[in-house]
Amino acid sequence: MGSEVWVGTWRPHRPRGPIAALYRGPGPKYKLPTNTGYKLHDPSRPRAPAFSFGSRPPLRHATCGPGPSYLVPARMTVRGTVGSPAFSIYGRLSHTAPVLTPGPGRYYPERARNVTYPSAPRHTIAPRNWGILAKQATPGPGSYTVPSLLGSRVISKVSAPTYSIYSRSPVGSCFEDLSKTPGPCAYHVVNPMIYKTRAPQFTMLGRTLPPRENTKKPGPASYSVDKVVWSRGSRGRG
């Protein structure tokens, strides 16, 4: 390979730092917010007042009156109609259901002895009616429970202090097994940031690398420039 292939002193080498032309960017893909209108306006720009043409609002007080379109009769006054009495001839009314009223032959005055004629008092001895008394389940004096005046559960009475005797507690007695008592390792240490003022916290992240492509690309040594044959009117072939 001759020295005339390369221009000047430049030779293929690995770049010292990232080159922006080697990476793919989004291009003119960003869309700035609009400066016109009211919605989605650019927050960094002043927004002028916006007005709209609304439709006509409906009538709020809608009246259901007929208005001055009705006609009052000439005979109608404040106290009613004025004029002579008028009659009309109606048809015959239909027969209704017959009224079942008893006639004079349905009554028997001779049977009303104690009601219409004076008579002496008369009494009868009837058996004791246990059935009626059995149905009346009226509670007796022993059915009522009067609340006790002893103790501290009486609402309307002032009660004296009450005491109770409990059994012996196993805690702290001679029957307590001290081997089951939790030791110092059984308690967890509480973070001081819970009950004290929390100090600011910072984290150290790793270095952010520029985006790179994982596709394999041929290097400068993969090209054979000396094997290319050029001719007029034809493509090059290797």
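1. Nonpolar surface patch. In this predicted model, Val5, Tyr223 and Val225 together form a nonpolar patch on the surface, with an area of about 300 Å².

2. Tyrosine 223. This member of the patch sits in the segment that follows helix H3 (192–195). Tyrosine 223 counts as exposed because its relative accessibility is 53%, and the cut-off for that class is over 50%.

3. Surface and burial in the chain. The exposed area of the chain comes to about 26,900 Å², of which carbon and sulfur atoms supply 60%. Of the 238 residues, 1% are buried.

4. Aspartate 42, setting. Aspartate 42 lies in the segment before strand S1 (76–77). Leaving aside residues up to four places away in sequence, aspartate 42 touches Pro33, Thr34 and Asn35.

5. Aspartate 42, charge. Is aspartate 42 buried or exposed? Aspartate 42 is buried, and no salt bridge is found for it. Arginine 45 has the nearest side chain of opposite charge, at 4.1 Å. A salt bridge requires a distance within 4 Å, so this pair does not count as one.

6. Aspartate 42, polar contact. The side chain of aspartate 42 does make a polar contact, at 3.0 Å, with the side chain of serine 44.

7. Secondary structure and contacts. The chain has 3 helices and 2 strands, and their order along the sequence is β-β-α-α-α. Among contacts in the chain with a separation of 6 or more, 16% join residues 24 or more positions apart.

Conventions:
Residues are numbered from 1 along each chain as its sequence is written. This is a predicted model: local features need pLDDT of at least 70, side-chain atom pairs count only at pLDDT 80 or more; totals for chains, interfaces and linings use all residues. Side-chain values use heavy atoms; hydrogens and water are left out. Helices (H or I, at least four residues) and strands (E, at least two) are DSSP runs, numbered from the N terminus. Buried means under 20% relative accessible area, exposed over 50%, partly exposed in between (1.4 Å probe, protein chains only). Lys and Arg count as positive and Asp and Glu as negative; His and the chain ends are not counted. A polar contact is a pair of N or O atoms within 3.5 Å; within protein, one must be able to donate a hydrogen and the other to accept it, and residues adjacent in sequence count only if both atoms are side-chain atoms. Contact means heavy atoms within 4.5 Å. Patches are made of residues with over 30% relative accessible area and no salt bridge: like charges are joined within 9 Å, nonpolar side chains (Val, Leu, Ile, Met, Phe, Trp, Tyr) within 5 Å. Accessible areas come from the Shrake-Rupley method with a 1.4 Å probe; for residues, only the protein chains shown count as cover.
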